[in-house]
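Let's take a friendly walk through a protein model. Have a look at the picture first, and then we will go through some of its parts together.

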Amino acid sequence: EYKPSPGYTMKISTFNCQGFKSNRQMVSNLIVDNDITYLIEHWLTKQEANLISELFPNHFLLNFQTDMEESSCSRRRRGRPYGGKCWLIKKHIKIISYDLLNEIISTVEVEINSNGENLKMLLIGAWIPFDDNTSDKYAQMVSTMSAVESLIMDFGHNKPIAIIGDLNAAIGRGRRYDKALETLIKK
């Protein structure tokens, strides 16, 4: 079992690849340089998950999700297809748990070493669809922020937590998704 030395720094990244096949080299560079990577919008089918797992044999491939329906896989696709998400975690990282909460949120709990002490860290991966100004999409965003808040509260205070992915929100921009994210941050 790998035990990182005191002062070990874990590198975590997230990347919206907008198609794994067309951005394979960028994804490869990112994953090699990081311990944990959360990929979104890989645009791969279930049958293509091996394109990632074979390229990165020193990683666990967790929660591979595809948003592409099986019926659309046999037809020629044009334009921007569907999303898809997955976690890639180097095998020396101790994974305590991982969970797929819904289509938007997944979590991975890992053990990290900080100053000689083993700590649990929670990673929350989220991919929130673009705000199309409908009440359904806004309700989905608010619900997601509420779920993330609950995950944080349940995990406990004074423990490291990272929220990564694509929330389609930005601090200080003033749009409604942005305000929902800012409310979570303030809490």
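Which residues of strand S1 sit on its covered face, and which on its uncovered one? In this predicted model, Ser13 and Phe15 make up the covered face of S1 (residues 12-16), while Ile12, Thr14 and Asn16 belong to the uncovered face. There is a general pattern to keep in mind here: in a regular strand, side chains alternate between the two faces of the sheet.

**From strand to helix to strand**

S1 has a partner. Strand S2 (residues 36-40) runs parallel to S1, and five bridges join the two. One place to look is asparagine 16, whose bridge partner in S2 is isoleucine 40. Together with helix H1 (residues 24-32), S1 and S2 make a right-handed β-α-β unit.

Now turn to H1 itself. Val27, Ser28, Leu30 and Ile31 are its buried residues. They cover an arc of only 165° around the axis, which puts them on the same side of H1. What do these buried residues pack against? They pack against S1 and S2, and also against strand S3 (59-65) and strand S4 (85-90).

**A buried leucine in a loop**

Follow the chain past S2 and you come to leucine 44, in the loop between S2 and helix H2 (50-53). Is leucine 44 buried or exposed? Its relative accessibility is 0%, so leucine 44 counts as buried. Setting aside neighbours within four places in sequence, leucine 44 is in contact with Phe20, Lys21, Leu51, Ile52, Phe64, Thr66 and Met68. Leucine 44 and glycine 83 are 39 residues apart in sequence, but their C-alpha atoms are 8.2 Å apart in space.

**Helix H4 and its two sides**

Helix H4 (residues 135-155) has 21 residues. From first C-alpha to last, H4 reaches 30 Å, close to the 30 Å expected at 1.5 Å a residue. Its buried residues are Met141, Thr144, Met145, Val148, Leu151 and Phe155. Why do they line one face of the helix? Seen down the axis of H4, the buried residues fall within an arc of 120°, so they line one face. The general reason is that an α-helix has 3.6 residues a turn, so residues three or four places apart point the same way. On the other side of H4, Ser135, Asp136 and Asp154 are exposed. Just after H4 comes glycine 156, with a positive phi of about 110°.

**Salt bridges across the chain**

How many salt bridges does a search of the whole structure find? It finds six, and the table shows some of them.

| Pair | Closest N to O |
|---|---|
| Glutamate 48 and lysine 21 | 2.5 Å |
| Aspartate 131 and arginine 176 | 2.7 Å |
| Lysine 187 and glutamate 149 | 3.4 Å |

Glutamate 48 lies in the loop between S2 and H2, and lysine 21 in the loop between S1 and H1, 27 residues apart, so to speak two distant parts of the chain linked by one pair. Glutamate 48 is buried, at a relative accessible area of 16%, whereas lysine 21 is partly exposed at 48%.

Aspartate 131, in the loop between strand S7 (117-127) and H4, is 45 residues from arginine 176 in helix H5 (residues 176-186). Here aspartate 131 counts as buried at 15% relative accessibility, and arginine 176 is partly exposed at 25%.

Lysine 187 sits in the segment after H5 and glutamate 149 in helix H4, 38 residues apart. Lysine 187 is exposed, with a relative accessible area of 59%, while glutamate 149 is partly exposed at 22%.

Definitions and conventions. Residues are numbered from 1 along each chain as its sequence is written. This is a predicted model: local features need pLDDT of at least 70, side-chain atom pairs count only at pLDDT 80 or more; totals for chains, interfaces and linings use all residues. Side-chain values use heavy atoms; hydrogens and water are left out. Helices (H or I, at least four residues) and strands (E, at least two) are DSSP runs, numbered from the N terminus. The expected span of a helix is 1.5 Å times one less than its number of residues. Buried means under 20% relative accessible area, exposed over 50%, partly exposed in between (1.4 Å probe, protein chains only). The arc is that of the directions from the helix axis to the C-beta atoms. Two strands pair if DSSP finds at least two bridges between them. A crossover is right-handed if, with the strands pointing away from the viewer, the path from the first strand over the helix to the second runs clockwise. Contact means heavy atoms within 4.5 Å. A salt bridge is a side-chain nitrogen of Lys or Arg within 4 Å of a carboxyl oxygen of Asp or Glu.
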